[in-house]
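Colleague: Before I use this model, I'd like to go through the labels you put on it. Could you show it and take my questions one by one?

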Amino acid sequence: MPELQRCTGSLDHRQLRFSHAMVFAIEEINNSTELLPGIKLGYQIHDSCASVLIAAQAAFQLSNGLDPVFDTGDNCSQSGMVMAIIGESSSTRSISVSHVIGSFNIPQVSHFATCACLSDKQQYPSFFRTIPSDQFQADALAKLVKHFGWTWIGAVRSDSDYGNNGMASFLKAAQKEGICVEYSESLFWTHPRSRIQRVADVIRRSTAVVIVAFITSVDLGILLEELSLKDFPPHQWIGSEAWVTDPEMLRFTVCAGAIGFGIQQSVIPGLRDFLLDLSLTEVAASPVLTEFWEDSFNCRLEKSAATDESLCDGTEAIETLQIPYTDTSQLRITNMVYKAVYAIAHAIHNAVCQDTNSTTQCDKVTRIESKQILTQLKKVNFSQNGYDVSFDANGDPVAKYELVNWQKTESGSIELVTVGLYDASLPVGHEFRINRNLTWMEGGTEVPVSVCSDSCPPGTRKVLQKGKPICCYDCVPCPEGEISNATDFPDCFPCPKEFWPTAERDTCFPKPVEFLSFEEVLGIILAAFSVGGACLAIITAAVFFRHRSSPIVRANNSELSFLLLFSLTLCFLCSLTFIGAPSEWSCMLRHTAFGITFVLCISCVLGKTIVVLIAFKATLPGSNVMKWFGPLQQRMTVVSFTFIQVLICTIWLVVNPPFPMKNLSTYKERIILECALGSAIGFWAVLGYIGLLAVFCLVLAVLARKLPDSFNEAKLITFSMLIFCAVWITFIPAYVSSPGKFTVAVEIFAILASSFGLTFCIFAPKCFIILFQPKKNTKKHLMSKE
């Protein structure tokens, strides 16, 4: 069998406090009259020297039961039998110990081994712990990072079971929270310096401001010392329990502002007095305490020629020492040791004692097996000094943490301040709360920013950068017609049909409704010309009526002239129906009124043209054609032509009439209120009939334009019909191509232009003669030959 390895290096004062806390709890239990009355617990302490091999050798030694547990006297009925093991502080060493003692059913209760892997009961059936698993801490750290909006972080871990498993759990939880990791590096205190330097260089070159360190105090200390050798910009450190609550780490001011989760603080009455109650005799009996005493007071318990140090004389005051061993201001892991001892004691009590109403009877004779203690440990549920102790099916306790923050004091030193709490048993989203202000890196009060890309504002969407993590993206404006109303939207969504985005494309607002209104300039101008044209026709009719007996009025068929002026007045006024918001009645009225009034107008012109032609024929010898186209026939002609249009409009309105509609296709950003044609055939039938009459009238007028009269009305009709046809021929392409309300404006313009053309060409010359050249308004002048 190989020799046991010897411990090297310096003494860990914090671990020494843990071991003495165990002794304190055992002595407290041995003096209790309620827990294990009459039974004394023994113990044996082994130093694993932070070595997996030494920890495994100690486990073998304890499981073999070859050494006395406490005393070989008669006071120990089960001398040499190990009922349970407390430890290890390290996850890796706890794993090695558990592998050794698991086959012997010896329960192991760790106070500081947090690796989530130890919750696997198939591999570690006898393992329990009073400190929460790293799985809970990893989830809590990921939620904490997400809470402060950090999506771009660096990660550093110990290259051990603790660091590798803990970081794996954290990275998995971080991925669920949408957090990206720029780098993930590992190191161990035994690694060569070149490996430590490489990790330090990676951190220096990184762009992530936040560093999550799932690492032990020893490993992080080596890394921080390496970082301090060169310029190192401030970083926000997020720490795991292993180092963020370690008082010895507070000397690294580069980590000022660090936050992390720590085990809840506790108070153990009498522990400080017990720790300070060390006599020289007790110290000299223990090699560990001897080393501790000599290092702390710089003296020697035994005179040695190899050193000039003075002898320890017993006047040394341990209470004056400012070291982790004597620091009981923030008992965290120490309380986990305390709870572990009491958990084992309660398991033994449940195995050998029976509680009655008034007394407790314990069986001091019957030999118990470690397997019984293992069974009872699974059932323990008690409170000690206000701290609840129980284990779930995996041997884990309920996860509760304090959120701690490294804050600088006025003197420049760093102190550990509790700023919040975390309870994994609470509902999702309510697990932790922050109840104090935090101090960040460099003593700042504002939360530092650590993102690969700034948040995309509303109105944009995220486009991932090729070959980079999902946290690295570009912000692209939403396309036309789409919005995003929150930050970091991956996609934009279209507005409803009757809505349109704002200029920022972050909200949808109702599209402006557009129609030709009486309140806008174009509408006012067209309405003014419409009313003006109607007034002009009425004034012309008044002039004709005033001079109705004059030759020029009588010679031009006054009855048809008055009817034509009436129809022109209606033509001018019907354009007003095209202005304003379309309604069901206005849509039907505007098209039918336009069609009927214009047919009436052209019918009158056509009648006048026929009268001119027939009148010329009647002047020929032997002709009596005028009796076939007298006043009655003229009226019937006008009524017949107009009736056909009325019939077309009636069929149109009955079958598929025009109706108001919202045009959403012409313009994407606004709504056009317009009148749909209903039946396009009906609309073009109305226009076609008007065009047919106009062409027929034009042909007749052209035929009659050179008749030998001094005042030939056919010439005036020819000019008027040329203007009419020209207007409506150009109207068709302009009507089809004009957008929105300009479609209506083009139609009104065509109505007004053709109406003014007829008015001026037919009646203006006559009114000029009547009003300004009355000498020509004679029968002699009219009958004279050219």
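Modeller: Here are the labels, each set against its definition.

Modeller: This is a predicted model, where local features need pLDDT of at least 70 and side-chain atom pairs count only at pLDDT 80 or more, while totals for chains, interfaces and linings use all residues. Residues are numbered from 1 along each chain as its sequence is written, and side-chain values use heavy atoms, with hydrogens and water left out.

Colleague: What does the secondary structure of the chain come to?

Modeller: There are 22 helices and 24 strands. Both are DSSP runs numbered from the N terminus: helices are H or I with at least four residues, strands are E with at least two.

Colleague: Why is the chain called more spread out than a compact globule?

Modeller: Its radius of gyration is 53 Å, and the globule rule gives 28 Å for 786 residues; the chain is well over that, so it gets the label. The radius is taken over C-alpha atoms, and the rule is 2.2 Å times the number of residues to the power 0.38. Along the principal axes, the C-alpha atoms fill a box of roughly 170 × 60 × 45 Å.

Colleague: What share of the 786 residues counts as buried?

Modeller: 50% of them. Buried means under 20% relative accessible area, exposed means over 50%, and partly exposed is in between (1.4 Å probe, protein chains only).

Colleague: How do you know whether Gln645 is buried or exposed?

Modeller: Gln645 has 0% relative accessibility, so it counts as buried. This residue is in helix H18, residues 631-655. Its C-alpha atom is separated by 9.4 Å from that of Thr597, 48 residues apart along the chain.

Colleague: And Val654, buried or exposed?

Modeller: Val654 is also in helix H18, but its relative accessibility is 66%, so it counts as exposed. Val654 helps make a nonpolar surface patch of about 590 Å², together with Phe643, Val646, Leu647, Ile651 and Val655.

Colleague: What makes a group of residues a patch?

Modeller: Each residue needs over 30% relative accessible area and no salt bridge; nonpolar side chains (Val, Leu, Ile, Met, Phe, Trp, Tyr) are joined within 5 Å, like charges within 9 Å. The areas come from the Shrake-Rupley method with a 1.4 Å probe, and for residues only the protein chains shown count as cover.

Colleague: Which residues gather in the patch of negative charge?

Modeller: Glu27, Asp273, Asp277 and Glu282. Asp and Glu count as negative, Lys and Arg as positive, with His and the chain ends not counted. A charge is placed at NZ of Lys, CZ of Arg, CG of Asp or CD of Glu. Asp273, in helix H9 (residues 271-276), has 58% relative accessibility and therefore counts as exposed.

Colleague: What makes Arg93 and Glu88 a salt bridge?

Modeller: The term asks for a side-chain nitrogen of Lys or Arg within 4 Å of a carboxyl oxygen of Asp or Glu. The closest N and O atoms of Arg93 and Glu88 are 3.1 Å apart, so the pair qualifies. Both residues are buried. By this rule the count comes to 13 salt bridges.

Colleague: How far along helix H6 are Asp201 and Arg204 from each other?

Modeller: They are three residues apart in H6 (residues 193-205), so about one helical turn separates them. Their side chains meet in a salt bridge, 3.1 Å from N to O. Asp201 is partly exposed at 26%, while Arg204, at 18%, counts as buried.

Colleague: Why is Glu669 called partly exposed?

Modeller: Because its relative accessibility is 30%, in between the two limits. Glu669 is in the loop between strand S23 (659-663) and strand S24 (671-676). Its side chain meets that of Arg670 in a salt bridge, 3.2 Å from N to O. Salt bridges that share partners join Glu514, Glu669 and Arg670 into one network.

Colleague: What stands out in the backbone at Glu88 and Leu36?

Modeller: A cis peptide bond joins Gly87 and Glu88, with omega about 5°. Leu36 has a positive phi of about 50° although it is not a glycine. Most residues other than glycine have a negative phi, and most peptide bonds are trans. Leu36 is in the loop between helix H1 (13-30) and helix H2 (52-64), and at 1% relative accessibility it counts as buried.
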